[in-house]
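Please open the model in a viewer and keep the sequence at hand. The tour below proceeds by selection, stating at each stop what is found there.

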Amino acid sequence: MTEAAEDLQRSSSREINATDDLDGDRLREYCGVFGVFDLPDAAAIAALGLHALQHRGQEAAGIVSFDGGRFHGERRLGLVGDHFSQENTIKRLPGAAAIGHVRYATTGETMLRNVQPLFAELNTGGFAVAHNGNLTNAQTLRRELIREGAIFQSTSDTEVILHLVARSRRPLLIDRFIEALRSIEGAYSLVALTNKKLIGARDPLGIRPLVIGEFNGKYILASETCALDIIGARFVRDVMNGEIVIISEDGIQSLRPFPPQPMRPCIFEYIYFARPDSIVHGRPVYEVRKAMGAELARERLIDADVVVPVPDSGVPAALGYSQQSGVPFELGIIRNHYVGRTFIEPTQIARDFGVRMKHSANRCVVAGKRVILIDDSVVRGTTSVKIVQMMRDAGATEVHFLISSPPITNPDYYGIDTPQKENLLAATHTLDEMREYIGCDSLGFLSVDGIYRAMGYERRDPIRPQFTDHCFTGDYPTSLTDLVGENRAQLSLLAEAS
């Protein structure tokens with residue numbers, strides 16, 4: 001092992017001991033949003049939608065409803081099913097309109113006051129808002145608002161939007177909302193609820209997703225189509241980049257208040273975040289992930305006996321690789337779906353067996369075999385080390401580790417929880433150093449152009465990239481106002497310091 005790889009091994013060990021959580025080696029999306037208007041039992045429908053969006057945030061959930069006279073809110077730490085499957089909770093959320101939110105916090109403590117939707121009483125009436133994404137000028141705007149006398153109740157960048165709407169002097173609420181959006185930068189999909197309207201909005205580049213559905217003639221907003229499927233709603237269309245949709249008793253209205261720009265949705269929705277049964281911008285996510293695996297086989301064909309996915313995220317890509325290469329697909333790793341956070345007790349033995357609590361080798365599949373492991377991404381690489389060793393302990397004669405996306409070399413500032421650059425394995429180490437650290441016989445990543453071929457393009461357009469792909473390329477599509485010098489800390493206000 002090279003000196004650099006040994007240093008990384010030691011530093012990663014320290015990091016694991018500090019966090020007690022190998023889940024830090026996975027990418028996390030911040031949030032999912034859902035909105036329903038003019039349907040009986042709106043909160044119950046919203047709860048079902050949030051169940052389908054649970055993968056987008058597992059630390060907190062909230063619903064705000066409107067019964068025609070009053071707003072009602074319930075915000076809870078934990079999973080949707082822990083709270084919003086209870087009849088008494090839904091009864092406290094009466095009305096035919098509701099918005100909901102699931103949340104994942106980045107670092108530090110998850111605080112109830114940060115759980116969305118956020119609500120404020122304005123001179124135009126009640127206003128609730130829920131946000132998926134991350135504002136890259138939220139800290140700057142927050143300081144300005146505080147200097148002008150604003151009092152913040154949370155550390156959420158969503159509250160910045162609430163204050164901007166409240167302080168606008170425009171007579172109509174929708175004009176206040178638009179004025180607020182003109183002030184913010186970064187990525188956002190928003191759902192907002194007033195006493196007369198359900199509002200949806202998407203950032204000018206369309207980085208974060210938002211879709212429109214229809215159920216019994218009424219409109220619904222959701223982060224993904226899977227949230228429509230769970231309630232039997234019909235997908236209508238995507239909310240377009242820079243579009244604001246207004247849903248009321250009169251139907252649906254579309255506004256385009258921003259100068260037109262080419263859409264650049266986040267490529268990670270296809271690689272990892274969206275549920276495999278969702279359709280994002282007309283592309284079935286499951287099929288796209290299989291196509292990524294097939295491209296990986298074209299670029300990195302290996303003579304082996306079996307293709308094994310790292311569950312669950314690596315399954316579609318492994319299927320695609322197997323079908324393209326002819327190497328048999330097998331479930332060589334079995335995932336335990338009934339384990340929550342990896343380290344329940346901060347003991348050394350729990351840390352040592354953390355991955356094995358969630359994944360077990362299927363020895364009859366891998367023993368005596370040359371194994372190709374397929375995963376969708378490598379972040380810090382700590383979990384990858386343990387997965388590869390698990391294969392060797394189960395008797396694999398060779399372990400080749402292939403990733404169905406390019407190396408992650410840059411942090412995200414638009415709603416993905418990524419480590420700082422110095423903690424990204426691919427950012428500071430060569431491919432061979434990464435291979436030595438992970439302990440595999442060979443290591444390969446899908447190329448950037450390979451990702452674009454899987455998406456149906458010949459290659460990435462360097463002048464007008466078709467997707468937001470800065471984690472691979474360093475090409476950030478918006479201003480990063482809150483970023484100072486080389487301090488590339490996460491630009492999130494979504495969590496408290498411990």
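## Stop 1: the end of helix H5

Begin by selecting Gly149, which follows H5 and has a positive phi, near 110 degrees. The model is a predicted one, and the values along this tour are to be read accordingly.

## Stop 2: the whole protein

Now display the entire protein, which holds 19 helices and 23 strands. Of its 498 residues, 59% are buried. Consider next the contacts between residues at least 6 apart in sequence: 70% of these join residues at least 24 apart.

## Stop 3: helix H5 and its surroundings

Return to H5 and select residues 138–147. Which residues of H5 are buried? They are Ala138, Thr140, Leu141, Arg142 and Leu145. These buried residues pack against strand S7 (125–135), H6 and H7.

Add helix H6, residues 158–167, to the selection. H5 and H6 pack at an angle of about 45 degrees, and their axes are 10 Å apart. The two helices are therefore oblique to each other. The crossing in which H5 passes H6 is left-handed.

Show the side chains at this contact. From H5 come Ala138, Leu141, Arg142 and Leu145, and they meet Val160, His163, Leu164 and Arg167 of H6. By class, the residues of this contact are five nonpolar, one polar and two charged. In the H5 part of the contact, the spacing can be read against a general rule. An α-helix has 3.6 residues a turn, so residues three or four places apart point the same way.

## Stop 4: from helix H6 to helix H7

Keep H6 in view and select helix H7, residues 173–183. The axes of H6 and H7 come within 8 Å and cross at roughly 130 degrees. This angle makes H6 oblique to H7. Here H6 passes H7 in a right-handed crossing, whereas the crossing of H5 with H6 is left-handed.

Which residues make the contact of H6 with H7? On the H6 side they are Ile161, Leu164, Val165 and Ala166. On the H7 side they are Leu173, Arg176, Phe177, Ala180 and Ser183. Seven of the residues in this contact are nonpolar, one is polar and one is charged. Leu164 deserves a separate selection: it takes part in the contact with H5 and also in the contact with H7.

## Stop 5: the seven-stranded sheet

Move to the open sheet, in which seven strands lie in the order S4-S3-S5-S2-S11-S10-S12 with antiparallel pairing. Strand S4 (71–77) and strand S12 (234–238) stand at the edges; each has a single partner strand, so one side of each has no neighbour in the sheet. On average, neighbouring strands of the sheet are turned by 15 degrees against each other, direction ignored.

Helix H2, residues 42–52, packs on this sheet. It touches strand S2 (31–37), S3 and strand S5 (97–103), and its direction makes about 25 degrees with that of S5.

For a view of the pairing at one edge, select strand S3, residues 60–66, together with S4. Seven bridges join these two antiparallel strands. Within the pair, Ala60 stands opposite Leu77 in S4.

## Stop 6: two loops that carry a positive phi

Select Asp38, in the loop between S2 and H2. Although Asp38 is not a glycine, its phi is positive, at about 65 degrees. Is Asp38 buried, partly exposed or exposed? Its relative accessibility is 30%, so it counts as partly exposed.

Then go to Asn216, in the loop between strand S10 (211–215) and strand S11 (218–222). Asn216 is likewise not a glycine and has a positive phi, of about 55 degrees. With a relative accessible area of 60%, Asn216 is exposed.

## Stop 7: two cis peptide bonds

Where S5 leads on to strand S6 (118–122), select the loop that contains Pro117. The peptide bond that joins Gln116 and Pro117 is cis, with omega about 0 degrees.

For the last selection, take the loop between strand S17 (306–309) and helix H11 (315–325), where Asp312 lies. The peptide bond from Pro311 to Asp312 is cis as well, and its omega is near -5 degrees.

How values were computed:
Residues are numbered from 1 along each chain as its sequence is written. This is a predicted model: local features need pLDDT of at least 70, side-chain atom pairs count only at pLDDT 80 or more; totals for chains, interfaces and linings use all residues. Side-chain values use heavy atoms; hydrogens and water are left out. Two strands pair if DSSP finds at least two bridges between them. Helices (H or I, at least four residues) and strands (E, at least two) are DSSP runs, numbered from the N terminus. Axes are lines fitted to C-alpha atoms, for helices over the stretch in contact, and angles run from 0 to 180 degrees between N-to-C directions. Contact means heavy atoms within 4.5 Å. Angles under 35 degrees count as roughly parallel, over 145 as roughly antiparallel, 65 to 115 as roughly perpendicular and the rest as oblique. A crossing is left-handed if the near helix is turned anticlockwise from the far one by less than a right angle, and right-handed if clockwise. Ala, Val, Leu, Ile, Met, Phe, Trp, Tyr, Cys and Pro count as nonpolar, Asp, Glu, Lys and Arg as charged, and the others, Gly among them, as polar. Buried means under 20% relative accessible area, exposed over 50%, partly exposed in between (1.4 Å probe, protein chains only).
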